[in-house]
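Trainee: Could we go through this model together, one question at a time? I would like to see how each answer is reached.

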Amino acid sequence: MLGINAVFHDPAAALVVDGRCVAAAEEERFTRRKHGHANLPFAAWELPAQAARWCLDSAGLTAGDLDAVAYSFDPSLTREPEDLGIHDPWDHLRRTYARHAPTMLAEELAGLDPAAVRFVAHHHAHAGSAALAAPVPDADVLVLDGRGECGSHLAGRYDGGRLTVHASQSLPHSLGLLYEDVTAHLGFVRSSDEYKVMALASYGAPRFLPELRRAVAADDAGGFRVDRVDWNALVKRRPAGERWTADHADLAASVQARLEEVLLDLARWLRARTGGSRLTLAGGVALNCVANTRLFEDSGYDDVWVQPAAGDAGTALGAALHLAAGAGDQPVPMAGADLGRGWTDAEIEAALVAARLPYERPSDLAATVAETLAADGVVGWFQGRSEYGPRALGRRSLLAHAGHAHNVERLNDVKGREEFRPVAPMVRQERAAEILERGPLPSPYMLFVHDVRRSWRDRIPAVVHTDGTARAQTVDPRHEPLLDRMLAAFERRTGLPVVVNTSFNTAGRPMVDTPRDALEVFGSAPISLLAIGPFVVRRERLASCP
Ligand SMILES: [Fe+2]
């Protein structure tokens, strides 16, 4: 079963065999265009053809072997823009391109029968990506994004692979679009930079909460309303590039606080309806790790699990899982987000030789990297299969010493990011509870914030945000033995079982995916050491490069 996401943004493909995801990748990692294509109706025809072909190749399959292709948008569910209360005269293009997707996919994937393409409702695809990939598949599910065919939300429950929808919310009411609106008003890129608003919120006070409470509220049927907000009446629009003020931070804090309140109302409603103990989340709003921690703490659920590819890329996986479960396949819990491309040692060495770079093969890679980090070097870490979803989780990461506060600015400089953005810690799982509180542990996907215990804040200042929190990734030695060995080696040298982890890319570009991508970033950014497969390249030796 092949899943395809194409309509809005983050085009992606995922391959599910016997209920297990064996490959999943975003098209941006192949085309090097961040988010694949713009979230515009005109762009909806662009299919994740390279990702789809790679998924099939990696499993030794052809399109003719597929039982079905699951496309995460159902054009029969769309309505006219005026019925949805949205103002886009070109919205119908999404429906048109989706209708043509079977033949267009058959042109891209040799041997595919267009009749094998099935449409899966966008929010069912998100829901499947959460509950059917979670550690326990029978779970409640909340989906919240900007929009699907005609809605922005689904509240339901999966039992035995079957989804029961308990509530949904029609457009124009959308918590995702509300957050996108404030993102644009604050001078960031809509449908891309929402996480910057979340980071900015930590610097403000929610003094516009009364206005937001009047405009945005849950109803008693599991849905909500979002009235039009006159943002300019609250705070003047920030032109892109202009410095943000306390007012902007207060607005971000107010929207963030109201989002959390309404999400709690929605989750409590669903729990009261189903009596469930486990909540799963997907949709772009589920990438809001501050809200996720509120849900974990206060919704009444015993456990909250978030799909690491919670944005639209994840609907490729969810559409395939949803169809597979409907066909009777038992869903297999997702073991990790490392579902993208990987490279053999020989392929990596060939790229190093082609680039004429001086490289070594150290006897202990983990120790070599730890030594560089302990000496306050920045390490490019390229290991194993790349991540599916927006977070770098130790496959395509930049690493640095967590004990030096200047590494926040240093990494933000390397990546051309705003100075207020935090960088995140990667923590040995066995030590995590000693350092972090609040939020679920272990936390392998960086989808929750935690409070850093006071006794640790001064020891790891590079990864503590202004409000004392950190968006941590805990490293399980069973799934990530090399990362764990590196962290252990760093701890032996510094006493800190924590390093800074941020994604291996530069501003406006997708994360690196191939050895060549990694070498390009290494060549253009002040990275001290590149650890690529079993090899290392040292910047200090580049001067002697012929
Ligand atoms: Fe979505």
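Mentor: Gladly! Helices (H or I, at least four residues) and strands (E, at least two) are DSSP runs, numbered from the N terminus. Please keep in mind that this is a predicted model.

Trainee: Thanks! Where is the place of Pro-172?

Mentor: Start with the bond that leads into this residue: the peptide bond from Leu-171 to Pro-172 is cis, its omega being near 10°. On one side of Pro-172 is β8 (162–170), and on the other is α6. Its place is the loop between β8 and α6.

Trainee: And which residue does a cis peptide bond join to Leu-441?

Mentor: Here omega is about -5°. The partner is found in the loop between β17 (436–437) and β18 (450–452). The residue joined to Leu-441 is Pro-442.

Trainee: Now the helices. How is α6 oriented relative to α10, roughly parallel or roughly antiparallel?

Mentor: Helix α6 (residues 175–185) packs with α10 at an angle of about 175°, and the axes are 11 Å apart. Angles over 145 degrees count as roughly antiparallel. Therefore the orientation of α6 to α10 is roughly antiparallel.

Trainee: How many nonpolar residues are in the contact of α6 with α10?

Mentor: From α6 come Leu-175, Leu-178, Tyr-179, Val-182 and His-185, which meet α10 residues including Leu-251, Val-255 and Gln-256. By class there are no charged residues and 2 polar ones, and the number of nonpolar residues is 10.

Trainee: What is the orientation of α7 and α10 to each other?

Mentor: Helix α7 (residues 194–201) and helix α10 (residues 246–274) have axes 7 Å apart, at an angle of about 105°. Angles of 65 to 115 degrees form one class, and therefore α7 and α10 are roughly perpendicular.

Trainee: Which residues of α7 make that contact with α10?

Mentor: On the α10 side the contact uses His-248, Ala-249, Ala-252, Ala-253 and Gln-256. The residues of the contact divide into 7 nonpolar, 2 polar and no charged. Those from α7 are Val-197, Met-198, Leu-200 and Ala-201.

Trainee: How many charged residues does the contact of α6 with α7 have?

Mentor: The axes of α6 and α7 cross at roughly 75° and come within 9 Å, which makes α6 roughly perpendicular to α7. In the contact, Tyr-179, Glu-180, Val-182 and Thr-183 of α6 meet Glu-194, Val-197 and Met-198 of α7. Besides 4 nonpolar residues and 1 polar residue, the number of charged residues is 2.

Trainee: What is the site of the iron ion like, given the angles among its donor atoms?

Mentor: The protein donors are His-122 (NE2), His-126 (NE2), Asp-145 (OD) and Asp-312 (OD), 2.0 to 2.3 Å from the ion. The angles among the 4 donor atoms run from 87 to 168°. Four donors count as tetrahedral only if all angles lie between 85 and 135 degrees, and this site is irregular.

Trainee: How many residues apart in sequence are the parts that Asp-145 and Asp-312 tie together?

Mentor: Both aspartates, Asp-145 and Asp-312, are buried. Asp-145 lies in the loop between β6 (139–144) and β7 (151–159), and Asp-312 in the loop between β12 (303–306) and α12 (314–326). The pair therefore ties together parts whose separation in residues is 167.

Trainee: Last one: does Asp-376 count as buried or exposed?

Mentor: Asp-376 lies in the loop between α14 and β14 (379–382), and its phi is positive, about 70°, although it is not a glycine. Its relative accessibility is 19%. Buried means under 20%, so Asp-376 counts as buried.

Technical notes: Residues are numbered from 1 along each chain as its sequence is written. This is a predicted model: local features need pLDDT of at least 70, side-chain atom pairs count only at pLDDT 80 or more; totals for chains, interfaces and linings use all residues. Side-chain values use heavy atoms; hydrogens and water are left out. Axes are lines fitted to C-alpha atoms, for helices over the stretch in contact, and angles run from 0 to 180 degrees between N-to-C directions. Angles under 35 degrees count as roughly parallel, over 145 as roughly antiparallel, 65 to 115 as roughly perpendicular and the rest as oblique. Contact means heavy atoms within 4.5 Å. Ala, Val, Leu, Ile, Met, Phe, Trp, Tyr, Cys and Pro count as nonpolar, Asp, Glu, Lys and Arg as charged, and the others, Gly among them, as polar. Donors are N, O and S atoms within 2.8 Å of the metal (3.2 Å for Na, K and Ca); water is not among the atoms, so sites may look incomplete. Four donors count as tetrahedral if all angles lie between 85 and 135 degrees; four count as square planar and six as octahedral if opposite donors are over 155 degrees apart and all others between 65 and 115; anything else is irregular. Buried means under 20% relative accessible area, exposed over 50%, partly exposed in between (1.4 Å probe, protein chains only).
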